[in-house]
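Open the model in a viewer and keep a selection box at hand. The stops below say what to pick and what is found there.

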Amino acid sequence: MTMDEATDTDTDTRRAVLDAAAELIASGGTAALTTRAVAAKAAIQPPTLYRIFGDKRGLLDAVAQDRLARFVAEKEADPPHPHPVEELRRGWSRYVAFGLENPEVFAIMNEIGSPLAQSPASLAGMAALRRRVAQIAQAGRLRVAEERAIALIHASAVGIVTTLLALPPEERDEQMLTLARDAAIAAIVDETAASQESGPVPHAIALRAHLDDTAGLSMAEKSLLREWLERLIEL
């Protein structure tokens, strides 16, 4: 067997194990994820599983990373909504739906100190959220600093999923999803669209959002202007 053939075999085996593990988790939770059950379902020997993933925790992390990567790829493949606020609203709803449909994966993703927080899929997901918030800022409709808006939107989505997953499915109030989403978006979006009545903050946020693409200013001038804008935003 050549090196390329061995690599292809390992890739196929890894895919088979991840799919088998995901099916077991979906049907019986992490308790169903035993070495024997995964090996049997993936048609491999247990030593192969240990060689690729190390231990059960390594396999759990790999399954969560794989499912999250698929979710992010599917979400990014869809054409964006032309209105940035609606695009943020749609992204929030998709993330919450993913968490509710994949409770075991969601729990692994959001463990305090989890290495998945810095995984490529997690970073790609946060980058997508940053882009959506930046588009709202550039439109002059963001009422708080971008980093604060990003943190609030993320926290609201994680919080509502955590709250609902703690309840039996029949006791979950789906209207809470809409209320939580709209409350979070209302807290960061200025519905007056940066009019005179909204004050200077949305204008300052919008200018800062465009600053990196602005020509005619040196790096030092941009840095100084950014500092002034941030000071104005925090007033």
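**Stop 1: a helix pair**

Helices α8 and α9 run roughly antiparallel to each other, because their axes cross at roughly 165° and angles over 145 degrees count as roughly antiparallel. The model is a predicted one. To see this pair, select residues 146-165 for helix α8 and residues 175-188 for helix α9. The two axes come within 10 Å, and the crossing of α8 past α9 is right-handed.

Next, show the side chains at the contact. On the α8 side, pick Ala149, Leu152, Ile153, Ser156, Ile160, Thr163 and Leu164. On the α9 side, they meet Met176, Leu177, Ala180, Ala184, Ile185, Ala187 and Ile188. What is the make-up of the contact of α8 with α9 in nonpolar, polar and charged residues? Twelve are nonpolar, two are polar and none is charged.

**Stop 2: the aromatic pairs**

How many aromatic pairs does the structure hold? There are two. A pair of aromatic rings is described by the distance of the centres and the angle of the planes.

For one pair, select phenylalanine 71 and phenylalanine 98. Their ring centres are 4.5 Å apart and their planes stand at 20°, so this pair is stacked; the cut-off for stacking is under 30 degrees. Colour helix α4 (residues 56-77) and helix α5 (residues 84-101) to place the rings: phenylalanine 71 belongs to α4 and phenylalanine 98 to α5, so the pair ties together parts 27 residues apart in sequence. Are these two residues buried or exposed? Phenylalanine 71 and phenylalanine 98 are both buried.

Keep helix α5 coloured and move to tyrosine 95, which lies in it. Its partner is phenylalanine 106, in helix α6 (residues 103-109). The ring centres of tyrosine 95 and phenylalanine 106 are 6.4 Å apart with planes at 65°, so the pair is edge-to-face. This pair links distant parts of the chain, eleven residues apart. With a surface display on, check burial: tyrosine 95 has a relative accessible area of 13% and phenylalanine 106 one of 4%, so both count as buried, the limit being under 20%.

**Stop 3: a loop residue**

Finally, select alanine 43, in the loop between α2 (35-42) and α3 (46-53). What is notable about the phi of alanine 43? Phi is near 60°, a positive value in a residue other than glycine. Most residues other than glycine have a negative phi. Alanine 43 has a relative accessibility of 68%, so it counts as exposed.

Technical notes: Residues are numbered from 1 along each chain as its sequence is written. This is a predicted model: local features need pLDDT of at least 70, side-chain atom pairs count only at pLDDT 80 or more; totals for chains, interfaces and linings use all residues. Side-chain values use heavy atoms; hydrogens and water are left out. Rings of Phe, Tyr and Trp (its six-membered ring) pair if their centres lie within 6.5 Å; planes under 30 degrees apart count as stacked, over 60 as edge-to-face and the rest as tilted. Helices (H or I, at least four residues) and strands (E, at least two) are DSSP runs, numbered from the N terminus. Buried means under 20% relative accessible area, exposed over 50%, partly exposed in between (1.4 Å probe, protein chains only). Axes are lines fitted to C-alpha atoms, for helices over the stretch in contact, and angles run from 0 to 180 degrees between N-to-C directions. Angles under 35 degrees count as roughly parallel, over 145 as roughly antiparallel, 65 to 115 as roughly perpendicular and the rest as oblique. A crossing is left-handed if the near helix is turned anticlockwise from the far one by less than a right angle, and right-handed if clockwise. Contact means heavy atoms within 4.5 Å. Ala, Val, Leu, Ile, Met, Phe, Trp, Tyr, Cys and Pro count as nonpolar, Asp, Glu, Lys and Arg as charged, and the others, Gly among them, as polar.
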